[in-house]
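Subject: Structure handover

Hello,

Here is the structure you will be working with. Please open it beside this email while you read the notes below.

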Protein chains: 2
Amino acid sequence: MAQLDSLSEGARRILSIAAPLFAERGYTGVSINEIAAATDGSKANIFHHFPNKEALYLAVFKSACDEFGTELKDLADERSDNDNRLQIIGKQHLLRLFSKSDSVRLILREVIDGESGINRSLVAEILHHNFGTIVEQIEEEQRQGRIRDDVNPAMTAVTIVALNMFFFQTMTILEQFQEFRHLDSPQQFAREAFEAIAKGLLVK
Amino acid sequence: MAQLDSLSEGARRILSIAAPLFAERGYTGVSINEIAAATDGSKANIFHHFPNKEALYLAVFKSACDEFGTELKDLADERSDNDNRLQIIGKQHLLRLFSKSDSVRLILREVIDGESGINRSLVAEILHHNFGTIVEQIEEEQRQGRIRDDVNPAMTAVTIVALNMFFFQTMTILEQFQEFRHLDSPQQFAREAFEAIAKGLLVK
DNA sequence: GTCTATAAAAGGATAGAC
DNA sequence: GTCTATCCTTTTATAGAC
């Protein structure tokens, strides 16, 4: 939020319209012209609010980081009793990805093709925090005796994050595979996958 | 290979130089100018070999699909007896990703931001074939009694692919996390992750 | 804060010589 | 097959009025 508040109304409007465009097609894939058209405004007005295209992109990116960094309290307690603990943790994370998909896409872009610059360490920080939250949840479950003691929390967290990012990125393609025809939502997808890995991780 | 043979020497040279550029920065991120400079040649020569930029990109992309589609026989039997079967399957897949990283990146780009066009079904086909190979390997292990009967081969394959794609994409960032400081290669990384999931999937 | 007009550069693509 | 020169369009960015 820090930097978002310091922006004017008009600037924030531009930001929110540019975000999904950059998220979908990346920095070079979107022109100021196009953003101006999307805002029903002029190019010059965008350059009034931001010194140049890169600054606009950076503002969009930082605001995506802010958004992704804030917690989702509302989703936290939507747990069904049929699910095991790992499934709950995994499902929450997946819902988070989909509910903030533009921000996630923007951050993912930097992960994948970011030059090793300032953005990259910002990304590392965000991811590490996000990752740490999941590790903590797993450790808590271990203390409660609901996940086996001998599993490595960090590696388990990696598995959860990896599966969810994979679903997030390939959903539209996986849907076409016969093997998965019976699954009609990412949630159901994730449920089956976590069920598979959980078999070995839970206390029996 | 099919389409690669039909190209002239000069065209193939351009292709091979353009590939890593497109892989790293995407279609809109690379200009014909830049490709020409990288080939030490002229823009006009590129347009002599390819009707337009899109055709060049498509040729690069198809050739990436060809390369990724061909099997890696040489890596197939580098198995250490300390590893369990899932680790071997996973490690092979990961080595494949890294040894063909430009092609993988190009294909991943289409997965992530491809418009739903011809490329997309090509990508789906490639991924499905790749995926099918892993499923078959797991089923074979189940027949041999080395992996439990009650695990879903498709879901297990998804987990392997997801973990490996995640490593491939985030390697340079994960390296910065303290939790993983002791891991100095993707292989070691993958080994630990698969060890974690394998605990529940192998016959005991 | 927002606009129109315009500059300056880069990008995709073509013509025509060698 | 490869080049130089050129064209047209798009893009980033600025100047200056309202």
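Which backbone oxygen does the side chain of Arg120(A) reach? The side chain of Arg120(A) reaches the backbone oxygen of Gly114(A) at 3.4 Å. That is a polar contact, meaning a pair of N or O atoms within 3.5 Å; within protein, one must be able to donate a hydrogen and the other to accept it, and residues adjacent in sequence count only if both atoms are side-chain atoms.

Two notes before the rest. This is a predicted model, in which local features need pLDDT of at least 70 and side-chain atom pairs count only at pLDDT 80 or more, while totals for chains, interfaces and linings use all residues. Residues are numbered from 1 along each chain as its sequence is written, chains are lettered from A and ligands numbered from 1 in the order in which they are written, and side-chain values use heavy atoms, with hydrogens and water left out.

Arg120(A)

Arg120(A) belongs to helix 8 (residues 118-143) of chain A. Helices (H or I, at least four residues) and strands (E, at least two) are DSSP runs, numbered from the N terminus. Arg120(A) is buried but has no salt bridge, and the nearest side chain of opposite charge, that of Glu110(A), is 6.3 Å away. Here buried means under 20% relative accessible area, exposed over 50%, and partly exposed in between (1.4 Å probe, protein chains only). A salt bridge is a side-chain nitrogen of Lys or Arg within 4 Å of a carboxyl oxygen of Asp or Glu. For charge, Lys and Arg count as positive and Asp and Glu as negative; His and the chain ends are not counted. Leaving aside residues up to four places away in sequence, Arg120(A) touches Glu110(A), Val111(A), Gly114(A), Glu115(A), Thr172(B) and Ile173(B). Contact means heavy atoms within 4.5 Å.

Chain A

Chain A has 10 helices and zero strands. Its C-alpha atoms fill a box of roughly 65 × 40 × 30 Å, taken along the principal axes. Of the 204 residues in chain A, 52% are buried. Among the contacts in chain A with a separation of 6 or more, 66% come from residues 24 or more positions apart.

Salt bridges

How many salt bridges does the structure hold over all chains? There are 12 over all chains. One of them is between Asp113(B) and Arg109(A), with the closest N and O atoms 3.0 Å apart. Asp113(B) lies in helix 6 (residues 101-113) of chain B and Arg109(A) in helix 7 (residues 101-113) of chain A, so this pair joins two chains. Asp113(B) is partly exposed at 27% relative accessible area, whereas Arg109(A) counts as buried at 12%.

Glu34(A) and Arg25(A) also form a salt bridge, with the closest N and O atoms 2.1 Å apart. Glu34(A) is partly exposed, with a relative accessible area of 29%, and Arg25(A) is partly exposed with a value of 29%. Arg146(A) and Glu141(A) meet in another salt bridge at 2.8 Å, N to O. In that pair, Arg146(A) is partly exposed at 31% and Glu141(A) is buried at 8%.

DNA strand C

A residue is near a strand if one of its heavy atoms lies within 4 Å of it. There are 17 residues around DNA strand C, and Ser8(A), Ala44(A), His49(A), Ile32(B) and Lys53(B) come nearest. Phosphate oxygens of this strand lie 2.8 Å from a side-chain N or O atom of Ser8(A), 2.9 Å from one of His49(A) and 2.7 Å from a polar side-chain atom of Lys53(B). Helix 4 of chain A gives the most to the surface near strand C, with four residues.

DNA strand D

Around DNA strand D there are 16 residues, of which Lys43(A), Lys53(A), Ala44(B), His48(B) and His49(B) come nearest. A backbone N or O atom of Lys53(A) is 2.8 Å from a phosphate oxygen of strand D. A polar backbone atom of Ser42(B) is 2.9 Å from a phosphate oxygen of strand D, and a polar side-chain atom of Asn45(B) is 3.3 Å from one. Helix 3 of chain B gives the most to the surface near strand D, with four residues.

Regards
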